[in-house]
Amino acid sequence: MARTLNTLASLSTALVVLVGCSFDSGSPDPTASGSSKLVIADLWAPDSGYALETDDAFTLTRAGCLETLVAVGKDNQAQPALATEWKQTAPKSWTFTIRETKFQNGTALTAKVVADDLNRLLKATAPPRSFAPSVIASVTAVDDRTVRIDTPEEDHFLPLRVSVPNTGILAPEAFSGSTTNPVGTCTGPFKIASIGTGQSLSLTANADYWGGAVALGSAEIRYAESGATRATQLRAGEVSVAANLPVTTLTTLKGDNNITLQQTPLPRTTGLYLNTRKAPFDKVEARRAIQKAIGLDAIVKAVYEGTATAAAGPFTPDEPWTPAELKPVQGTAADAKAAMTEAGIDPASLNFELIAYSDRPEFADLAQVIQAQLAEAGITVKIRTGEYASVEDDLMSGNFQATLLSRNHLIDLPEPISMLRTDETCKGSFNLAGYCDSKVDALVEEAGSTADSAKRHTLYGQIATQLATDVAFVPLVHESLTMGVADNVQNLPTDPLERTLLTKDTKLS
């Protein structure tokens with residue numbers, strides 16, 4: 001089954017099935033700029049035949065091959081890419097001016113090609129939430145260089161929607177029936193020379209890249225499901241970069257003077273989700289008692305080895321919409337006992353089963369720490385493990401008491417509006433905890449219809465404050481992306497959206 005943004009990819013660095021298609025454009029071009037080859041070990045193997053509606057699109061953008069109309073800067077602001085400019089020409093209509101350039105096979109990039117690609121995405125069996133018929137009415141080539149995108153309702157997020165990798169543009173030759181062939185059909189700084197049946201991508205520099213000279217002559221991305229395998233390959237010198245390293249591998253790399261552990265704070269929050277549909281967690285006092293028993297600093301140190309930060313809510317401290325006054329709750333057994341006494345709660349009435357899905361390897365340790373901390377407050381926790389697929393039905397149907405969940409709140413768009421709609425509104429499609437508050441629903445609706453970004457950020461902050469007050473979920477930590485990088489690698493991007501791994505400026509010294 002293809003990984004899509006609507007399922008496991010938004011929950012975790014998913015367990016990947018290493019299966020793929022095989023295409024080949026021949027031998028690497030020996031005349032490509034530069035002469036150094038960079039070898040990278042990455043997690044996100046292609047497993048859906050490079051269908052752009054799946055996470056294979058992220059595989060292609062990370063490889064420096066696939067590009068979108070709009071890029072996103074470090075401040076989450078839209079920047080020109082294959083579109084040089086855009087404007088809202090009517091409440092429900094935007095136009096994009098298409099860059100004059102060519103695909104790697106020489107085919108011209110035109111407005112018609114862009115419109116055809118985006119319409120193909122809209123017709124996919126499972127289009128991404130960020131660019132689906134529910135939010136996009138039509139895509140039209142107005143002339144050779146202009147594309148118009150119409151929406152069912154006024155949409156202030158449209159430029160960000162066409163920054164998501166799923167909206168990447170490939171040459172017409174990439175598509176034949178249900179097959180997608182990215183070899184030679186991208187526009188990015190790197191061309192795919194060959195595809196190793198899902199296990200690797202061999203890349204060469206695109207000498208005609210519209211963005212300028214490419215520093216590396218060639219690169220190879222090798223895919224490995226196991227974080228331990230990626231770490232071992234780096235330590236042995238088989239690769240120069242090991243991406244997406246889990247916390248459990250870091251001790252094996254620390255102390256190696258030839259390796260730097262590059263950490264990037266992610267817009268990802270791990271939390272304890274208590275099912276608010278059922279007693280005892282339908283009462284905020286019960287949820288607050290659980291929260292007051294959990295010591296976040298101990299979790300950061302013992303489970304995440306200092307690579308995470310204690311969380312106060314769904315947003316990280318450095319995001320522009322995070323309220324400055326919102327601070328993490330550092331609980332103790334004494335605090336929890338006092339809260340239960342004040343609320344007249346018998347600790348035994350809060351005993352529960354905690355789901356800790358094994359796709360996140362750190363969840364086993366995290367669950368045990370929570371279990372021990374709650375035991376000190378007189379609350380018994382039984383831990384249930386298994387792959388996410390084995391617990392998904394119970395989570396989606398509300399047939400559980402509590403679960404750990406790692407959630408990226410910018411997975412659909414570089415603003416949290418999509419996550420807030422799905423996770424924190426009464427009828428949200430991914431509202432696992434069942435939290436429902438009319439005030440939050442109204443704030444989310446207002447944020448979604450507000451054009452002014454500063455006002456929108458204020459609304460996001462108000463939502464975060466209300467979620468914390470209601471203990472909609474128990475925030476635990478904000479995670480970091482860790483990459484092991486050999487000292488001879490330069491200009492490797494630090495991308496919290498995890499869309500970019502290779503750029504034209506990446507090089508070996």
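Visitor: In this predicted model, what share of the contacts with a separation of 6 or more comes from residues 24 or more positions apart?
Guide: Take the contacts in the protein whose partners have a separation of 6 or more, and pick out those between residues 24 or more positions apart. Their share comes to 71%.

Visitor: Okay, and how compact is the protein for its length?
Guide: There are 12 helices and 21 strands to fit in. The globule rule gives 23 Å for 509 residues, and the radius of gyration is close to that, so the protein is as compact as a globular protein of that length. The radius of gyration itself is 23 Å.

Visitor: What percentage of the residues is buried?
Guide: Along its principal axes, the C-alpha trace spans about 75 × 55 × 40 Å. The exposed surface is about 19,700 Å², with carbon and sulfur atoms supplying 49% of it. As for the 509 residues, the buried part is 59%.

Visitor: Let's look at helix 12. Which helices help cover its buried residues?
Guide: Helix 12 runs over residues 453–470 and reaches 26 Å from its first C-alpha to its last, close to the expected 26 Å. Its buried residues include Arg456, Leu459, Tyr460, Ile463 and Leu467. Residues three or four places apart on an α-helix point the same way, because there are 3.6 residues a turn. The cover over the buried residues of helix 12 includes helix 5, helix 10 and helix 11.

Visitor: Which residue caps the N-terminal end of helix 12?
Guide: Look for a side-chain oxygen by the backbone nitrogen of Ala454; the two atoms lie 3.2 Å apart. Just after the helix, Val471 takes a positive phi of about 45 degrees. The N-terminal cap, though, is Asp452.

Visitor: How many aromatic pairs are there, and is the one between Tyr273 and Phe473 stacked or edge-to-face?
Guide: The structure holds eight aromatic pairs. In this one, the ring centres of Tyr273 and Phe473 are 4.8 Å apart and the planes sit at 10 degrees; planes under 30 degrees apart count as stacked. So the pair of Tyr273 and Phe473 is stacked.

Visitor: How many residues apart are Tyr273 and Phe473 along the chain?
Guide: Tyr273 sits in strand 14, while Phe473 is in the loop between helix 12 and strand 19, so the pair links distant parts of the chain. Both residues are buried. Their separation is 200 residues.

Visitor: And what about Phe281 and Phe352: stacked or edge-to-face?
Guide: Their ring centres are 5.6 Å apart. Phe281 belongs to the loop between strand 14 and helix 5, and Phe352 to strand 16, 71 residues apart. Both are buried. With planes at 80 degrees, and over 60 counting as edge-to-face, the pair is edge-to-face.

Visitor: Which peptide bond is cis?
Guide: Most peptide bonds are trans. Here one residue of the cis bond, Pro280, is in the loop between strand 14 and helix 5. Omega is about 5 degrees for the bond joining Ala279 and Pro280.

Visitor: Which strands do the buried residues of helix 2 pack against?
Guide: Helix 2 has 12 residues, 111–122, and reaches 16 Å from its first C-alpha to its last. Among its buried residues are Val113, Val114, Leu118, Leu121 and Leu122. They pack against strand 5, strand 6, strand 7 and strand 8.

Visitor: Which side chain makes a polar contact with the side chain of Thr107?
Guide: Thr107 is in the loop between strand 5 and helix 2. Setting aside residues up to four places away in sequence, it touches Lys102, Ala171, Pro172 and Glu173. The polar contact, at 3.0 Å, is with the side chain of Glu173.

Visitor: Is Tyr50 buried or exposed, and what is its relative accessible area?
Guide: Tyr50 is in the loop between strand 1 and helix 1. Its phi is positive, about 65 degrees, although it is not a glycine. Under 20% counts as buried, and Tyr50 is buried with a relative accessible area of 0%.

Conventions:
Residues numbered from 1 in each chain as written. Predicted model: local features only at pLDDT ≥ 70, side-chain atom pairs only at ≥ 80, totals over all residues. Heavy atoms only, no water. Helix = DSSP H or I, 4+ residues; strand = E, 2+ residues; numbered from the N terminus. Expected span 1.5 Å × (residues − 1). Buried < 20%, exposed > 50% of the residue type's maximum accessible area, 1.4 Å probe, protein only. Contact = heavy atoms within 4.5 Å. Polar contact = N/O pair within 3.5 Å; in protein donor to acceptor, adjacent residues only side chain to side chain. Rg over C-alpha atoms; globule rule 2.2 N^0.38 Å. Areas by Shrake-Rupley, 256 points an atom, 1.4 Å probe, with all protein chains shown as cover. Phe/Tyr/Trp six-rings, centres within 6.5 Å; stacked < 30°, edge-to-face > 60°.
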